[in-house]
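Student: Okay, I've got this thing open on my screen. Walk me through it and I'll interrupt as we go.

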2 protein chains.
Amino acid sequence: MPRRRRVDIVLDSVKRLQRIGATANLLNVLRKQHPADLAQVLGDLPPVERRSAFATLIEHDGGMAMRAAAEIDRELGAELLGDRPADELARLFPQLQPDDAAALIDRLPEELSASVLDLMRQREADDVQQLLEHDERTAGRIMNPEVFALPESLSVGGAIAALQGSRNVEMVFYLYVVDEENRLVGVVSLRRLLLVPAETPLRAIMTKEPIRTRVETHQEDAAREVADYNLLAIPVVDADDKLAGVITVDDVIDVIKDEATEDMLRLAGVAADESVSTSPFVAWRKRLPWLAINLATAVLAAMVVQRFQATIDRVVALAAFMTIVASMGGNAAIQTLTVIVRGMALGELTWGSSWRALGKEVVVGLANGVLFGVVGAGVAWWSVGNPYFGGVLALAMVINLLVAAFAATLIPMVLRALRADPALASAVFITTLTDVLGFFAFLGLATFFLPFL
Amino acid sequence: MPRRRRVDIVLDSVKRLQRIGATANLLNVLRKQHPADLAQVLGDLPPVERRSAFATLIEHDGGMAMRAAAEIDRELGAELLGDRPADELARLFPQLQPDDAAALIDRLPEELSASVLDLMRQREADDVQQLLEHDERTAGRIMNPEVFALPESLSVGGAIAALQGSRNVEMVFYLYVVDEENRLVGVVSLRRLLLVPAETPLRAIMTKEPIRTRVETHQEDAAREVADYNLLAIPVVDADDKLAGVITVDDVIDVIKDEATEDMLRLAGVAADESVSTSPFVAWRKRLPWLAINLATAVLAAMVVQRFQATIDRVVALAAFMTIVASMGGNAAIQTLTVIVRGMALGELTWGSSWRALGKEVVVGLANGVLFGVVGAGVAWWSVGNPYFGGVLALAMVINLLVAAFAATLIPMVLRALRADPALASAVFITTLTDVLGFFAFLGLATFFLPFL
């Protein structure tokens, strides 16, 4: 049965059991699900039913509730946990992987997260605390500090025995080999252990100088290494090359999804952490600044138009056709901006190839400017009955599409050079620029050629 | 050393060795790289140097050249291979995983790919042919048909022996267990093999009813299952539940990156496969249709303005302020559209939660409409000196932001219901709608209240 249908069936029976108040049956259904499916069901429930189902679950099966909270959209997970008492959370968080726990605790209301961490420290559960000391979005923040490492002198048989004694073997894909000072010196895949005699020392079969990343590396760069080298996990080392943790491929997938989502949302002028389940009030508050900036810049564009009011007063058809120049510039700019920002995120656009990309965009902009300038000029000539009117439109179109190409390539390049997020050169700024310059070019040229119009 | 710096150093020495024509040294440097790093170096080289370096490599180390071509951006990989003779390619493709080979062959010029497949069939390398029979973007197209499967009666010791005899063990993460008719009945992780006595039958330790996907499932859905259930691989079965192949997590990462990239590019009105390395001519040709649609719709918007020419002729300030209403509607619509399309791609937005999402967007649109309507009205009143002028702007703003909220939520929902890509409700269409309706609402209201303006 396809997953969507399975989830829908569970969703229906959860709703039904909630309506008739059959708590024992409800609990039974919820506990039978895979945490990922349970997360999907919780996400699909309306807010009130979601809170109630989660409360039922956490009171009877804390571990399952925590796993579901870790699988669900992070904001939503933190929202569900935010209703719970601190001592319950401090007792349950250690059941999660430290990296999942850290991500959730970080999103709890400040007061609650402080008391949860305080209570957890009393229980000596300070793994999470350590992760939270690293900057957000670094490898150190998302790694799992419980990494399986063995000394290089150990034999394969010894390694297998150690593996059998380890309580948390589920996410072990590689054995990392360390020297006496816990410095990373090698790696052995589990597969390799199966293929060699038990008495072989790890030193003899390990891959030396394994690929590694550092605690302060940006999570996107660490994820890209796992993706590009087709790894299942990447070890994380500190400044002294000592093994500090490991990032597994399942977390890498989350990073790749999150970063792509962020880029898309930022480009559109939406907060990086908004999702469809964000409440209307929070969504409104977070989109507000971008729309406020847009209002300010739209007023700027309107003032440009106002400067040419005398010209429009003489040839009122200009008011209609100026919008075409602005709209074409805006859309061409968004095309360029998206290709550039995505190319940067995928690591395809380096400093050297940036200049080639600029050349490409200018060529494309010029070709489109000439083509659509001529077509637009034809439409304008036919509609207004004046060839000069068409000529002004064509010239303004070429100028505006060239501006669009330059701005939409150079602005993200400059932002990246300044170590800001290139996606912040969002649609809002770029379309303002093409509006302002589109109006200015068209109406300015029209004013210059006014005697002919 | 961070990867970027390492790649830059290799890049510089490749350029230098090419300049002085030191082919042997060049080859030496290229062959020492990880295929992923080599792909990065090739991608960063200017086109002429890239082709020349790749030709040197493929003539001396065909396997390495193919692995690099499989790691690089797919269009670029196919472009590099497109220069080579068919018999060379037919000889080298079998060195790649069948799924990587299929993806590249599929992008070769039609004539070349036909003769390559023909030559490969003569060598009985028909794995690739089989993959290409499945639809694009399905699990069957991207799976690896060389899946490691064993009968349920085999013991753990027998399984380890089979594993040791397998030539392609690198990407084996799970042992799939099948019955006599090759139907999938269970799965055993490699880790589990290490932890039980050799004589245990697989039947006793396998997980029954493993998560699976079907050959015709969309690659995005298959990838989502691997991501959500934190798997390393997912088995692919045919209509009779027979094991047909396996999709590993490294391919899942590629699918997730590709699908996110596609959504972003489509939203912006760019072809899903354009990248920064696409040639200017191809990029121009592929962006053309969207800009042509935009020109047509911009002309439509201009015609709406022209209809109200008499009104603008009387109150010329309307020409400036109509652009504010259109711009705010366009940007608010892009915000909503992006959140909705991304929510659908991440599987967060189901049919049930869609209506809640619509409610949220309408509330946000109304709140923003009222807020920015009032602010905009203030600016207009102050600038034009007429309170009615401000009132008209406020009312038009509320109408246009409500239209934006409805359109940007409902259009992707309808597209999805029609099984089209919701991302096709791109910025181009949505901003036209908000332009047309923004102009219409503002100028229409202005015409109605003309005696007061």
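Tutor: Sure, terms first: two strands pair if DSSP finds at least two bridges between them. Strands are DSSP runs of E with at least two residues, helices are runs of H or I with at least four, and both are numbered from the N terminus.

Student: Fine. Anything I should know about the numbers themselves?

Tutor: This is a predicted model: local features need pLDDT of at least 70 and side-chain atom pairs count only at pLDDT 80 or more, while totals for chains, interfaces and linings use all residues. Residues are numbered from 1 along each chain as its sequence is written, chains are lettered from A and ligands numbered from 1 in the order in which they are written, and side-chain values use heavy atoms, leaving out hydrogens and water.

Student: Got it. What order do the strands take in the open sheet of chain A?

Tutor: The order is β1-β2-β3-β4, four strands with mixed pairing. At the edges stand β1 (149-151) and β4, each with a single partner strand, so one side of each has no neighbour in the sheet.

Student: And how many bridges join β2 to β3 in chain A?

Tutor: Five, and β2 (residues 174-178) and β3 run antiparallel. One partnership is A:L175 with A:V188 in β3(A). The two strands make a hairpin with five residues between them, and A:N182 in that turn has a positive phi of about 65 degrees.

Student: What's on the other side of β3(A)?

Tutor: Strand β4 (residues 207-208) of chain A, joined to β3(A) by two bridges and also antiparallel. There A:V187 stands opposite A:T207, and A:G186 stands opposite A:K208.

Student: Is β3(A) largely enclosed or left open?

Tutor: Largely enclosed by the rest of the structure, because five of its six residues (184-189) are buried. Buried means under 20% relative accessible area, exposed means over 50%, and partly exposed is in between, using a 1.4 Å probe and protein chains only.

Student: How are the four strands ordered in chain B's open sheet?

Tutor: They run β1-β2-β3-β4, with mixed pairing. Its edge strands are β1 (149-151) and β4 (207-208), each pairing on one side only. Five bridges join β2 (residues 174-178) of chain B to β3 (residues 184-189) of chain B in antiparallel fashion, and B:Y174 stands opposite B:S189 in β3(B).

Student: Switching to the interface. How many residues of each chain are in contact?

Tutor: 118 residues of chain B touch 118 residues of chain A, with contact meaning heavy atoms within 4.5 Å. About 10200 Å² is buried between the two chains, 67% of it on carbon and sulfur atoms; that area is the accessible area (1.4 Å probe) that two parts lose on being put together, summed over both. B:L194, B:M264 and B:V276 supply 8% of what chain B buries against chain A, more than any other three residues.

Student: How many salt bridges cross it?

Tutor: Seven by the rule, which asks for a side-chain nitrogen of Lys or Arg within 4 Å of a carboxyl oxygen of Asp or Glu. A:D228 and B:R3 meet in a salt bridge, with 2.7 Å from N to O.

Student: Which helix gives the largest share of chain B's side?

Tutor: Helix α19 (residues 317-345) of chain B, with 19 residues.

Student: What about B:A233, buried or exposed?

Tutor: Buried, at a relative accessible area of 5%. B:A233 sits in strand β6 (residues 233-237) of chain B. Its C-alpha is 7.1 Å from that of B:F173, 60 residues apart along the chain. Setting aside neighbours within four places in sequence, the contacts of B:A233 include B:F173, B:Y176 and B:I247.

Student: And A:T311, where is that one?

Tutor: In helix α18 (residues 309-314) of chain A. A:T311 is buried, with a relative accessible area of 4%. Not counting residues up to four places away in sequence, A:T311 touches A:L318, A:A446, A:T447 and A:L450.

Student: Last one: how many residues of α8 in chain B are buried?

Tutor: Eight of its ten (residues 98-107), leaving the helix mostly covered. Among them are B:P98, B:D99 and B:L104. The buried residues pack against several helices of chain B, including α5 (62-71), α9 (110-122) and α16 (249-267).
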